[in-house]
Amino acid sequence: MAYYVAIDIGGTAVKHGVADAEGRFLEKGVFGTGLPAAGIPRLLDLVTAQIRHYQACYDIAGVGVDTAGVVDAERGTILMEARNFPGYEGTPLRQYLEDACGIPCAVENDVNAAGLGEYWLGAGQGASSLVCLTVGTGIGGCVLLDGKLLHGCCGSAGEVGYMRLHGSGADLESSAAVPWLLRTVTEQKGMPAGSLTGRDVFALAQAGDTVAAEAIGTLVHRLVVAIENICCVVNPELVLLGGGIMGQHDYLRPLLEAEKKRIFPPYLEPRTRLDFARLGNDAGMAGALRNLLDRMEGKRNDFCEGTLDKPALFR
């Protein structure tokens, strides 16, 4: 039986696992990237070593990778590096891993992969179209229409963190991600920078702290404004919210729904469903695997139709 390696490359850690074609994981693990100090060559060495380890234990048919940064998903090349990844831009990641490990590889942006994973195995199952937003240290997004990721002309579709918000004086990521929330609450309470976590802020709000509650309310308002703008253009059936603070479902859901009713156009509001991502830390790996399987199947179909020359890795 064939198995597949899934690799999720984040800013501080690489999650990895082995799964079957149904997305059932036999093993999962994690190791640190060492970035930015260790450098990209060291990161590639670590990823290659992990894939080879799995190859020694299982019949591995391919490797699906998702990574921070803007990705050319067709070529598997990094178009623009993310924070903490100096020197990543231009890395031919797919070609590097195929050459090093001798198996097919597919590479996708991390938020795109998370959305695809949720569509396949998570909260997005059954939706004809969806937008997935992740809210954490930064804000990212992806768009799926009829099960297909929308990449745009240069791989930047879904980069909603750069969206400018009227009245905020900044882009969405600068004015609604977790660093903004922590900075706002600590400054207004006269606390040292770095003294609160996202969980701390929500605990304060739930205990009746007005500063924390108002900051969360502002963050929710800005997110919903951005979501409304996206929905007026894309008109998805479902908007999924993931990332660290979106785990605060019970607190956030009524705030989000109230802002949605207040801000959305009347014809659009009842036809747009909001929900929370369900796969957690596994969403990226699940989507990386789905992307790999789809691309391998597409290549095989093209070979059968005689439209492509079959490369060595697919013989």
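1. The largest nonpolar core of this predicted model has 42 residues, of which Leu181, Ile216 and Leu252 touch the most other members. The element that gives the most to this core is helix H7, spanning residues 210–234, with 12 residues. If residues up to four places away in sequence are not counted, Ile216 touches Leu181, Val201, Phe202, Ala205, Tyr251, Leu252 and Leu255. Apart from this core lies another, of 29 residues, which includes Phe31, Ile40, Val47 and Tyr58. As background, nonpolar side chains tend to be buried together in soluble globular proteins.

2. One open sheet is formed by 5 strands with mixed pairing, and their order is S10-S9-S8-S11-S12. Strand S10 (148–149) and strand S12 (273–276) stand at its edges, and each has a single partner strand, so one side of each is left without a neighbour in the sheet. Within this sheet, strand S8 (residues 129–135) and strand S11 (residues 238–242) are paired in the parallel sense, over 5 bridges, and the bridge partner of Leu130 in S11 is Leu238.

3. Two helices should be read together with that sheet. Helix H7 packs on the sheet and touches S8, strand S9 (139–145), S11 and S12, while its direction makes about 155 degrees with that of S8. Helix H8 (residues 249–263) also packs on the sheet, where it touches S11 and S12, and its direction makes about 165 degrees with that of S12.

4. A helix pair also deserves comment. Helix H5 (residues 178–188) and helix H6 (residues 198–206) pack at an angle of about 55 degrees, and their axes are 10 Å apart. The two helices, H5 and H6, are therefore oblique to each other, and their crossing is left-handed. On the H5 side, Leu181, Leu182 and Val185 meet Gly198, Val201 and Phe202 of H6. Some of these residues recur in the description of the core, since Leu181 is named among the residues that touch the most other core members, and Leu181, Val201 and Phe202 are among the contacts of Ile216.

5. A further open sheet, again of 5 strands and of mixed pairing, has the order S3-S2-S1-S4-S7. Its edge strands are S3 and strand S7 (105–109), each of which pairs on one side only, and the twist averages 15 degrees from one strand to the next. Helix H3 (residues 110–121) lies across S4 and S7 and runs at about 100 degrees to S7.

6. Which residues cover the two sides of S1? Tyr3, Val5, Ile7 and Ile9 lie on one side, with Tyr4, Ala6 and Asp8 on the other, and all are buried, which leaves both faces of S1 covered. The count for the strand agrees, with 7 of its 7 residues buried.

7. The pairing of S1 can be followed to both of its neighbours. Strand S1 (residues 3–9) pairs with strand S4 (residues 60–67) in the parallel sense over 7 bridges, and in S4 the bridge partner of Ile9 is Thr67. By contrast, S1 and S2 run antiparallel and are joined by 6 bridges, among which Tyr4 has Ala19 in S2 as its bridge partner. The connection from S1 to S2 is a hairpin through 3 residues.

8. The next pair in the order, strand S2 (residues 13–19) and strand S3 (residues 25–32), is antiparallel as well, over 7 bridges, and the bridge partner of Val14 in S3 is Phe31. That partner, Phe31, is also named among the residues of the core of 29 residues. S2 and S3 form a hairpin with 5 residues between them, and Gly23 in its turn has a positive phi of about 85 degrees.

9. Finally, a single residue may be worth checking in the model. Is Ile78 buried or exposed? Ile78 has its place in strand S6 (residues 77–80), and at 2% relative accessibility Ile78 counts as buried, because buried means under 20%. Leaving aside neighbours within four places in sequence, Ile78 is in contact with Thr67, Val70, Val71, Tyr88, Glu89, Gly90, Thr91 and Leu93. For one of these, Thr91, the C-alpha to C-alpha separation from Ile78 is 5.4 Å, although the two are 13 residues apart in sequence. Another, Thr67, is the bridge partner of Ile9 in S4.

Methods:
Residues are numbered from 1 along each chain as its sequence is written. This is a predicted model: local features need pLDDT of at least 70, side-chain atom pairs count only at pLDDT 80 or more; totals for chains, interfaces and linings use all residues. Side-chain values use heavy atoms; hydrogens and water are left out. A nonpolar core is a set of buried Ala, Val, Leu, Ile, Met, Phe, Trp, Tyr and Cys residues joined through side-chain atoms within 4.5 Å. Buried means under 20% relative accessible area, exposed over 50%, partly exposed in between (1.4 Å probe, protein chains only). Helices (H or I, at least four residues) and strands (E, at least two) are DSSP runs, numbered from the N terminus. Contact means heavy atoms within 4.5 Å. Two strands pair if DSSP finds at least two bridges between them. Axes are lines fitted to C-alpha atoms, for helices over the stretch in contact, and angles run from 0 to 180 degrees between N-to-C directions. Angles under 35 degrees count as roughly parallel, over 145 as roughly antiparallel, 65 to 115 as roughly perpendicular and the rest as oblique. A crossing is left-handed if the near helix is turned anticlockwise from the far one by less than a right angle, and right-handed if clockwise.
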